[in-house]
Amino acid sequence: MEKKVVVITGAASGIGRATALLFSSKDYSVVIADRNKKGSEETLRLIYEKNKKADAKIIETDVSIEKEVKHLIDQTIDTYKRIDIMVNNAGISGQTAQSDDPLEQYHEIIDTNQHGVYYGIQHAGQRMVELGIAGSIINISSVMAFISSGGAYAYSASKSAIVIMTKIAAQMFAKQNIHVIGIAPAGVNTPMLNGLGQDQVDYFRNQMLGGELLEPEEIAELIYFSASNKASAINGSTIFADDGYLSFK
Ligand SMILES: NC(=O)c1ccc[n+]([C@@H]2O[C@H](COP(=O)([O-])OP(=O)(O)OC[C@H]3O[C@@H](n4cnc5c(N)ncnc54)[C@H](O)[C@@H]3O)[C@@H](O)[C@H]2O)c1
């Protein structure tokens, strides 16, 4: 039987890399789609280090550019003749509240986190429909979609947009048996969170019921489950992966 194919954006680091490694260990062909070439090569190296017979490839992609996302999906299908799972994970964070914060940062966050996920849903979903594949689309949102936190206008708005786009896409693709599910993590131990500085890391750690950040591998497991047939009861929802973070707000 031919291998199933998963495309993972933002797979050069953090949650995306852990997800690429997990799917590869489950015998998927893995497409690493990131704008960071060096990080992508490291993910590829880690995949082959674990299993010389793995199948993975890099398609360098900037998800904020629509024609690059189209190229990503076209190239994937040219190579493998199929796409089973699209994980729209690439994202950037940043504050956009101060009057002296550059407007470019606001637009860059929306272009990447919101538009990038839209392009991923549309291009992957349409090709799944054409190919008659009952696939899955998993979109990575954030708990910041649901609460206000310290002026992250663009980040929170983009992550809220992912929640509603997940619902819309689930409805649009339901007849083709394509499931669309969102995941909203809280503090995960990745370069994104650690890059915010020790104060932020401590803040997030203290909000988790277990008193520890989540590990990217824990989110990867949830992505893997959500994309599987075992998650057949879920469609259009965004699942919290927050160790209680939002339950006590
Ligand atoms: N780490 C957390 O605490 C946390 C919490 C909630 C949600 N998230 C979300 O999880 C996702 C993964 O984040 P992470 O924590 O693994 O961060 P990370 O910084 O480790 O990884 C993000 C990856 O996305 C890539 N990327 C950024 N912009 C891109 C673009 N325009 N095109 C292609 N690739 C691009 C980066 O190169 C990087 O490899 C993001 O969407 C993030 O918002 C993270």
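**Entry 1. R205 and its partner**

I began with R205, which is partly exposed in this predicted model. Its relative accessible area is 26%. I then looked for a charged partner and found E212: the two side chains meet in a salt bridge, with 3.9 Å from N to O. That N-to-O value falls within the 4 Å cut-off for a salt bridge.

**Entry 2. The other salt bridges**

How many salt bridges does the structure hold? I recorded twelve. As background, side chains of opposite charge can pair when their charged atoms come close.

I looked up R35 next. Its side chain meets that of E108 in a salt bridge, at 3.8 Å from N to O. R35 sits in the loop between β2 (29-33) and α2 (37-50), while E108 belongs to helix α4 (residues 103-131), so this pair ties together parts that are 73 residues apart in sequence. I noted R35 as partly exposed, with a relative accessible area of 45%. E108 is also partly exposed, and its value is 38%.

I then turned to E41, which forms a salt bridge with K37; their closest N and O atoms are 3.8 Å apart. Both residues lie in helix α2, four residues apart, which is about one turn of the helix. E41 counts as partly exposed because its relative accessibility is 41%, between the limits of 20% and 50%.

Which residues are linked in a network of salt bridges? I listed K70, D74, R127 and E130.

**Entry 3. The ligand and its surroundings**

I examined the ligand and found 29 residues surrounding it. The closest are S13, D34, N89, Y155 and T190.

I looked up three polar contacts of the ligand. R35, already entered for its salt bridge with E108, has a side-chain N or O atom 3.3 Å from a nitrogen atom of the ligand. A ligand oxygen atom lies 2.8 Å from a polar backbone atom of I15. A ligand nitrogen atom lies 2.9 Å from a polar backbone atom of V63. Taken alone, the ligand exposes 830 Å², and the protein buries 93% of that.

**Entry 4. Aromatic pairs**

I recorded seven aromatic pairs in the structure. One of them joins F23 and Y224, with 5.1 Å centre to centre and 65° between the planes. Is this pair stacked or edge-to-face? I entered the pair as edge-to-face, because the angle between the planes is 65° and the cut-off is over 60 degrees.

F23 lies in helix α1 (residues 14-25) and Y224 in helix α8 (residues 216-226), so the pair ties together parts that are 201 residues apart in sequence. Is F23 buried or exposed? I found F23 buried, at 0% relative accessibility. Y224, at 22%, counts as partly exposed. I also noted that F23, Y28 and Y224 form one aromatic cluster.

**Entry 5. A nonpolar surface patch**

I looked for nonpolar side chains at the surface and found a patch formed by L103, Y106 and Y153. Together these residues have about 340 Å² of accessible area. Y153 lies in helix α5 (residues 153-173). I entered Y153 as exposed, because its relative accessible area is 57% and the cut-off is over 50%.

**Entry 6. Positive phi values**

Most residues other than glycine have a negative phi. I therefore noted residues that depart from this pattern, on that general ground.

K81 has a phi near 70°, a positive value in a residue other than glycine. K81 is found in the loop between α3 (66-80) and β4 (85-88), and it counts as exposed at 59% relative accessibility.

D243 has a phi near 45°, also positive in a residue other than glycine. Where does D243 lie? I placed D243 in the segment after β7 (238-241). At 31% relative accessibility, D243 counts as partly exposed.

**Entry 7. S142**

I closed with S142, in the loop between β5 (136-140) and α5. S142 counts as buried because its relative accessibility is 5%, against a limit of under 20%. What does the side chain of S142 reach? I found the backbone nitrogen of M144, at 2.9 Å.

Technical notes: Residues are numbered from 1 along each chain as its sequence is written. This is a predicted model: local features need pLDDT of at least 70, side-chain atom pairs count only at pLDDT 80 or more; totals for chains, interfaces and linings use all residues. Side-chain values use heavy atoms; hydrogens and water are left out. Patches are made of residues with over 30% relative accessible area and no salt bridge: like charges are joined within 9 Å, nonpolar side chains (Val, Leu, Ile, Met, Phe, Trp, Tyr) within 5 Å. Accessible areas come from the Shrake-Rupley method with a 1.4 Å probe; for residues, only the protein chains shown count as cover. Helices (H or I, at least four residues) and strands (E, at least two) are DSSP runs, numbered from the N terminus. Buried means under 20% relative accessible area, exposed over 50%, partly exposed in between (1.4 Å probe, protein chains only). A residue is near a molecule or strand if one of its heavy atoms lies within 4 Å of it. A polar contact is a pair of N or O atoms within 3.5 Å; within protein, one must be able to donate a hydrogen and the other to accept it, and residues adjacent in sequence count only if both atoms are side-chain atoms. Rings of Phe, Tyr and Trp (its six-membered ring) pair if their centres lie within 6.5 Å; planes under 30 degrees apart count as stacked, over 60 as edge-to-face and the rest as tilted.
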